[in-house]
Amino acid sequence: MQVTTTKFDILGHEFTLDELNNIAKHGMSAGVNGFIYSSELHDSYQEHEDDILNELDKQAEDQGVQSGMQMVVNAVTKGDETHFYTMQCLKEMAVWMYVEMTAHDLLLSNNHPDWV
């Protein structure tokens, strides 16, 4: 008997529901293949910038935050407005937030037992 494992594409990378569950539970900082190195994160952001920012804007609106980018800045600075950050830091956090949010949404929409 052959078991078929459904794969879900996020920013050009395929994940199983179990992998998405790990992302949703532990976050991207634990290390996720294809999203580890600054160069990978930069390339993902550059290629998918509009999709990332559009989805983060929707999430920000739901949370009462001015914009998706403001939500990213808040995550990078952790509320300390004097905290130094670069555009690369913002791009990396935006990609991580997008992937984590998308993983969560896919788990819910596919009735993963840990998320229903």
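Student: Where is Thr 16, and is it buried or exposed?
Tutor: This is a predicted model, so keep that in mind as we go. Thr 16 sits in the loop between S2 and H1. Its relative accessibility is 13%, and buried means under 20%. So Thr 16 counts as buried.

Student: Which residues is Thr 16 in contact with, leaving aside its neighbours within four places in sequence?
Tutor: Skip the neighbours within four places, and you're left with a short list. Thr 16 is then in contact with Thr 5, Thr 6 and Lys 7.

Student: Let's step back. In what order do the elements of the chain run?
Tutor: The chain has four helices and two strands. Start from the N terminus and read along. The order is β-β-α-α-α-α.

Student: What lies between strand S1 and strand S2, and is Gly 12 there buried or exposed?
Tutor: S1 covers 8-10 and S2 covers 13-15, with Gly 12 in the loop between them. Leu 11 lies in that loop between S1 and S2 too. Gly 12 has a relative accessible area of 55%, and over 50% is the cut-off for exposed. So Gly 12 is exposed.

Student: And Leu 11, is that one buried or exposed?
Tutor: Leu 11 has a relative accessibility of 8%. The cut-off for buried is under 20%. So Leu 11 counts as buried.

Student: What is the phi of Leu 11?
Tutor: Most residues other than glycine have a negative phi. Leu 11 isn't a glycine, yet its phi is positive. The value is near 50°.

Student: Where is Asn 111, and what is its phi?
Tutor: Asn 111 is in the segment after helix H4, which spans 87-109. Asn 111 is exposed, with a relative accessible area of 56%. Although Asn 111 is not a glycine, its phi is positive, at about 55°.

Student: How far apart in space are Gly 12 and Ser 44?
Tutor: Along the sequence, they are 32 residues apart. Going C-alpha to C-alpha in space, the distance is 8.3 Å.

Student: What about Asp 9 and Ala 103, how far apart are they in space?
Tutor: Asp 9 lies in strand S1, and is exposed with a relative accessible area of 53%. In sequence, Asp 9 and Ala 103 are 94 residues apart. C-alpha to C-alpha, they are separated in space by 9.9 Å.

Student: Which residues form the aromatic pair, and how are they arranged?
Tutor: The count comes to one aromatic pair. Its rings are 6.3 Å apart centre to centre, with 20° between the planes. Planes under 30 degrees apart count as stacked. That gives a stacked pair of Phe 15 and Phe 35.

Student: Which parts does that pair tie together?
Tutor: Phe 15 lies in strand S2, while Phe 35 is in the loop between helix H1 (17-26) and helix H2 (38-63). Both rings belong to buried residues, as Phe 15 has 5% relative accessibility and Phe 35 has 0%. So the pair ties together parts that are 20 residues apart in sequence: S2 and the loop between H1 and H2.

Student: Is Ser 39 buried, exposed or partly exposed?
Tutor: Ser 39 lies in helix H2. Its relative accessible area is 47%, which falls between the 20% and 50% cut-offs. So Ser 39 is partly exposed.

Student: How far from Ser 39 is the C-alpha atom of Glu 92?
Tutor: Ser 39 and Glu 92 are 53 residues apart along the chain. Their C-alpha atoms are separated by 9.4 Å.

Student: What covers the buried residues of H3?
Tutor: H3 runs over residues 68-77. Its buried residues are Gly 68, Met 71, Val 72, Val 73, Val 76 and Thr 77. What covers them includes H2 and H4.

Student: Which residue follows H3?
Tutor: Look for a positive phi, near 55°, right after the helix. That residue is Lys 78.

Student: What is the radius of gyration of the chain?
Tutor: With 116 residues, a compact globule would come out near 13 Å. The value for the chain agrees with that: 15 Å.

How values were computed
Residues are numbered from 1 along each chain as its sequence is written. This is a predicted model: local features need pLDDT of at least 70, side-chain atom pairs count only at pLDDT 80 or more; totals for chains, interfaces and linings use all residues. Side-chain values use heavy atoms; hydrogens and water are left out. The radius of gyration is taken over C-alpha atoms; the globule rule is 2.2 Å times the number of residues to the power 0.38. Buried means under 20% relative accessible area, exposed over 50%, partly exposed in between (1.4 Å probe, protein chains only). Rings of Phe, Tyr and Trp (its six-membered ring) pair if their centres lie within 6.5 Å; planes under 30 degrees apart count as stacked, over 60 as edge-to-face and the rest as tilted. Contact means heavy atoms within 4.5 Å.
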